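Subject: The structure I promised you

Hi,

Here is the structure we talked about, ready for you to open and turn around on your screen. Have a look at it first, then read on for what I found.

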Amino acid sequence: MLSITGQYLARYRQLGTGSGAEALLPVTGAQRRFVLVRSLDPAGRPDLVPMFFAFPHGTVDVERLTAAGNRLAARHAVLRARPVVVRGTPVLRPEQPDVPVTRVPCGPGETAAAALRRALGDWTPQGSPLRMFLTQDDAHTGDETLAVVLDHSACDGRSPARIVEELGAAYAEGTDAEGPSPAETAAELAAYREAVLLQLDAEDRATSASAMAYWGERLRAVCDQAPARPERPAAGTLPSGSAELQLPSSAGSVPFPDLLDACRAAARVLYGPGHAVPLGYPWGGRPSGAAPVLGCFLNTVVFPAATGHSPAAEVTADAWWDDLDRADTPFDAVVHAARAAGSAWTGRLDGLLTVDDARRRPPLRLGGVAGREIQVDGRAVRGPFAVSVTQGSALRLRMVWDRAVLDDHTAEHAFAALADSVRASCAAT
């Protein structure tokens, strides 16, 4: 019997006989996960990856930035493609580059952050997967803030740094620079299609009977844990809360299994003991032989965070290494394996963990001016809580939570538990 990925590959290849099928691009298992997540969201919201940069007022030339964005999309199929369903098969259809740069005016008494939250909240799934928004803060700094925003289905873990670098280079070329030739466009399309097919072949091989049995047993006890709060947040309250802590660089990097245990400590505070909370984290890379195209290739691996007594660090590490041996099994197949083993898990994640290295993130340079990357808090978040760890000159811990699910008091106690666990790990190493 064909795996979920095998069934998708068969359906995609059958599209090859249809009119115009040469332009249709396949989607990876990671992209299928975003389709699943969106289907579980009553509002059908997309997952967005925004980056915010503050520039001195007057730095950004909108016409020049629009031209740069369109040249960038012309070079990368995934930045100009639209998700469509053809004969029941999800695919991407490349279109002409159309990357909008929208000026977002601040309303009376509204800050730039509030204006950008409003703009991102109005994002519609139709349209370019890469969009930019520009606004100006009024009396505080005089800076203008540029948001470079990607639909996550077009963005893997390596994409943001590369997009920032290439967008700055395209901006430096000016408005009259030529885009890629038809031959270059055709070659890029072929490279993207081949890279995704290599990824899908790897995912199909990773959906073996032994892998499905492993994930079924590993996630048998997992179940959704975060019902909506009985009391809704007060009117006017931002949709999400956040907490942040910066540790000195002497803390160094924290072993990934220790970060999973820290998230387990937070989950214990949020959901109580005796549960197996589904936490997700991105993992993986390009398949062997694939061109370095932009796209979505990192799989989401599920960690069953048991909130009882914490196991010894080596126990978590051993289980994590076993998980990584099967990390290519696509998310939808993992959910199927868990449910077949008796879990009532729907596939919703109750926590997310991402780890980034700030030293690999270049600043966005426009016209020779380096933008200062900033955070815009209070945005709608996907999932009850998400933890991000940024390594660099310092170790920065950050947690955001959905206020429709978690109250601030409990979430702040959970962040304190997470921070204490990370500090203990740093002290031990």
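Let's start with helix H6, residues 182-205, as a bit of arithmetic. H6 has 24 residues, and at 1.5 Å a residue they should span 34 Å. The end C-alpha atoms of H6 are 35 Å apart, so the expected span and the distance in the model agree. If you try the sum yourself, multiply 1.5 Å by one less than the number of residues.

Which residues of H6 are buried? They are Glu188, Tyr192, Arg193, Ala195, Val196, Leu197, Gln199, Leu200, Ala202 and Glu203. Here is something to keep in mind while you look at that list: an α-helix has 3.6 residues a turn, so residues three or four places apart point the same way.

Before going further, a word on confidence, because this is a predicted model. The protein chain has an average pLDDT of 89, and 94% of the residues score at least 70. Helix H7 (residues 209-218) has the highest mean pLDDT among the elements, 97, while helix H2 (residues 29-40) has the lowest, 76. Where pLDDT is low, the predicted coordinates should not be read in detail.

Helix H7 is also worth a visit for how it meets helix H10 (residues 331-340). The two axes come within 7 Å and cross at roughly 65 degrees, and the crossing is right-handed. On the H7 side the contact is made by Met212, Trp215 and Gly216, and on the H10 side by Ala333, Val334, His336, Ala337 and Ala338.

Next, some single residues. I've sorted them by where they sit.

In helices and strands

Asp261 is in helix H8. Buried or exposed? Asp261 is buried, because its relative accessible area is 12%, and the cut-off for buried is under 20%. The side chain of Asp261 makes a polar contact with the side chain of Arg264, at 2.9 Å. Setting aside residues up to four places away in sequence, Asp261 touches Ala313, Thr316 and Ser421.

Thr89 belongs to strand E3. With a relative accessible area of 1%, Thr89 is buried. Not counting residues up to four places away in sequence, Thr89 touches Tyr8, Arg11, Tyr12, Leu15 and Val84.

Gln391 lies in strand E14 (residues 385-391), and it is buried too, with a relative accessible area of 15%. What does Gln391 touch, leaving aside its neighbours within four places in sequence? The answer is Ser253, Val254, Val355, Asp356, Asp357, Ala358 and Arg359. Take Asp356 from that list: the C-alpha atoms of Gln391 and Asp356 are separated by 6.2 Å, though the two residues are 35 residues apart along the chain.

In loops

Gly174 is in the loop between helix H5 (159-172) and H6. Gly174 is buried, with a relative accessible area of 13%. Leaving aside neighbours within four places in sequence, Gly174 is in contact with Arg64 and Arg71. Ala67 is 107 residues from Gly174 along the chain, yet their C-alpha atoms are separated by 7.7 Å.

Arg87 sits in the loop between strand E2 (81-86) and strand E3 (89-94). Why does Arg87 count as exposed? Its relative accessibility is 57%, and exposed means over 50%. Have a look at the backbone here as well: Arg87 has a positive phi of about 50 degrees, although it is not a glycine.

Pro227 is found in the loop between H7 and strand E7 (240-247). At 61% relative accessibility, Pro227 counts as exposed. Pro227 and His152 are 75 residues apart in sequence and 25 Å apart in space, C-alpha to C-alpha.

Last comes His275, in the loop between helix H8 (256-271) and strand E8 (276-283). His275 is partly exposed, with a relative accessible area of 29%. A polar atom of the His275 side chain lies 3.2 Å from the backbone oxygen of Tyr271. Not counting residues up to four places away in sequence, His275 touches Gln225, Ala305, Ala306 and Thr307. If you want a far-off partner to click on, try Leu150: its C-alpha atom is 34 Å from that of His275, and the two are 125 residues apart along the chain.

Happy exploring!

Technical notes. Residues are numbered from 1 along each chain as its sequence is written. This is a predicted model: local features need pLDDT of at least 70, side-chain atom pairs count only at pLDDT 80 or more; totals for chains, interfaces and linings use all residues. Side-chain values use heavy atoms; hydrogens and water are left out. Helices (H or I, at least four residues) and strands (E, at least two) are DSSP runs, numbered from the N terminus. Buried means under 20% relative accessible area, exposed over 50%, partly exposed in between (1.4 Å probe, protein chains only). Contact means heavy atoms within 4.5 Å. A polar contact is a pair of N or O atoms within 3.5 Å; within protein, one must be able to donate a hydrogen and the other to accept it, and residues adjacent in sequence count only if both atoms are side-chain atoms. pLDDT is the predictor's confidence in each residue, from 0 to 100. Axes are lines fitted to C-alpha atoms, for helices over the stretch in contact, and angles run from 0 to 180 degrees between N-to-C directions. A crossing is left-handed if the near helix is turned anticlockwise from the far one by less than a right angle, and right-handed if clockwise.
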